[in-house]
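Hi,

Here is the structure I promised to pass on. Have a look at it first, and my notes come right after.

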Amino acid sequence: MEWMLMPLKRYADFSGRSRRKEYWMFALLQIIVVFGISIIGGILGAFSPDASGGMSLGGSLMFGLFGLYFLAIIVPSIAVQVRRFHDQDKSGWFVLLNFIPYLGGLIVFVFMCLDGTKGKNSYGEDPKMSDNVGDVFN
């Protein structure tokens, strides 16, 4: 659980390096939260229109929760991607590849799957060198 929450503790920290484990555990947390919001929306009737054919109260609540969650999570999501690029000794500006239609997300996905550089690089020490998650914060 600590790996899932580490990007939130390093909310707007765009410096340093992050392991693949940190990135993918954070991505798993995103999936779990979105699934949870969807379940809450389903319970509240978000997926069934009201009598006037518009969006139900449950639907409005669900989309409001999605919007708030997205706003809260956008900065740490970008920051952890930047740190993953740093781990591969690449500039954080590679995050902008996400804006290339169709292929950009796939290219970033491949980069997020690649292992980082071994040892120290221009962005800091190898995060795999520390055995304990808490050492990252010292």
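Below is what turned up, going from the overall fold to the pocket, the aromatic rings, a few single residues and the cavities.

One caveat before anything else: this is a predicted model, so please read everything here as computed from that model.

**The chain as a whole**

The secondary structure is quickly told: there are 4 helices and 0 strands, which gives the order α-α-α-α from the N terminus on. The chain has 138 residues, and 33% of them are buried. If you take the contacts with a separation of 6 or more, 67% of them are between residues 24 or more positions apart. As for the surface, about 8,300 Å² is exposed, and carbon and sulfur atoms supply 71% of that.

**The largest pocket**

This one may interest you. The largest pocket holds about 290 Å³ of space. It is lined by 14 residues, and those closest to its centre are Tyr23, Ile74, Ser77, Ile78 and Gln81. Which elements give two or more residues to that lining? They are α2 (20-43) and α3 (57-87), and α3 has the largest share with 7 residues. In terms of chemistry, the lining splits into 10 nonpolar and 4 polar residues, with no charged ones.

**Aromatic rings**

A search of the whole structure gives 5 aromatic pairs. Take Phe85 and Phe111: their ring centres are 5.5 Å apart and the planes sit at 65 degrees, so this pair is edge-to-face, the cut-off being over 60. Phe85 belongs to helix α3 and Phe111 to helix α4 (residues 103-113), so the pair ties together parts that are 26 residues apart in sequence. Both Phe85 and Phe111 are buried.

Phe111 has another partner in Phe94. Here the geometry is again edge-to-face, with 5.8 Å centre to centre and 85 degrees between the planes. Phe94 is in the loop between α3 and α4 while Phe111 is in helix α4, and the pair links these distant parts of the chain across 17 residues. How do the two compare in burial? Phe94 has a relative accessible area of 30%, so it counts as partly exposed, since that class runs between 20% and 50%. Phe111 comes out at 16% and is therefore buried, the limit being under 20%.

There is also an aromatic cluster made up of Tyr23, Trp24 and Phe109. You will recognise Tyr23 from the pocket, where it is one of the residues closest to the centre.

**Some single residues**

Met25 is in helix α2. Its relative accessibility is 27%, so Met25 is partly exposed. Setting aside neighbours within four places in sequence, Met25 is in contact with Trp3 and Met4. The C-alpha atoms of Met25 and Met1 are separated by 8.2 Å, with these positions 24 residues apart along the chain.

If you check backbone angles, two residues in the loop between α3 and α4 deserve a glance: Asp89 and Tyr102. Asp89 has a positive phi, near 60 degrees, though it is a residue other than glycine. For Tyr102, also not a glycine, phi is positive at about 70 degrees. Is each of them buried or exposed? Asp89 has 37% relative accessibility and so counts as partly exposed. Tyr102 has a relative accessible area of 83%, so it is exposed, the threshold for that being over 50%.

**Cavities**

Finally, the enclosed space. The count comes to 2 cavities of 30 Å³ or more, and the largest cavity has about 40 Å³ of space in it. What lines the largest cavity? The residues are Asp87, Asp115, Gly116, Thr117, Lys118, Asp126 and Lys128. By type, that lining has 5 charged and 2 polar residues and no nonpolar ones. Set that beside the largest pocket, whose lining has 10 nonpolar residues and no charged ones.

That is the whole handover. Shout if something is unclear.

Cheers

How values were computed:
Residues are numbered from 1 along each chain as its sequence is written. This is a predicted model: local features need pLDDT of at least 70, side-chain atom pairs count only at pLDDT 80 or more; totals for chains, interfaces and linings use all residues. Side-chain values use heavy atoms; hydrogens and water are left out. On a 1 Å grid over the protein atoms alone, a cavity is a set of points where a 1.4 Å probe fits but cannot get out, and a pocket is an open set with protein on both sides within 12 Å along at least five of seven lines; lining residues have an atom within 4 Å of a point. Grid points are joined across faces, edges and corners, and a volume is the space filled by probe spheres set on the points. Ala, Val, Leu, Ile, Met, Phe, Trp, Tyr, Cys and Pro count as nonpolar, Asp, Glu, Lys and Arg as charged, and the others, Gly among them, as polar. Buried means under 20% relative accessible area, exposed over 50%, partly exposed in between (1.4 Å probe, protein chains only). Contact means heavy atoms within 4.5 Å. Accessible areas come from the Shrake-Rupley method with a 1.4 Å probe; for residues, only the protein chains shown count as cover. Rings of Phe, Tyr and Trp (its six-membered ring) pair if their centres lie within 6.5 Å; planes under 30 degrees apart count as stacked, over 60 as edge-to-face and the rest as tilted.
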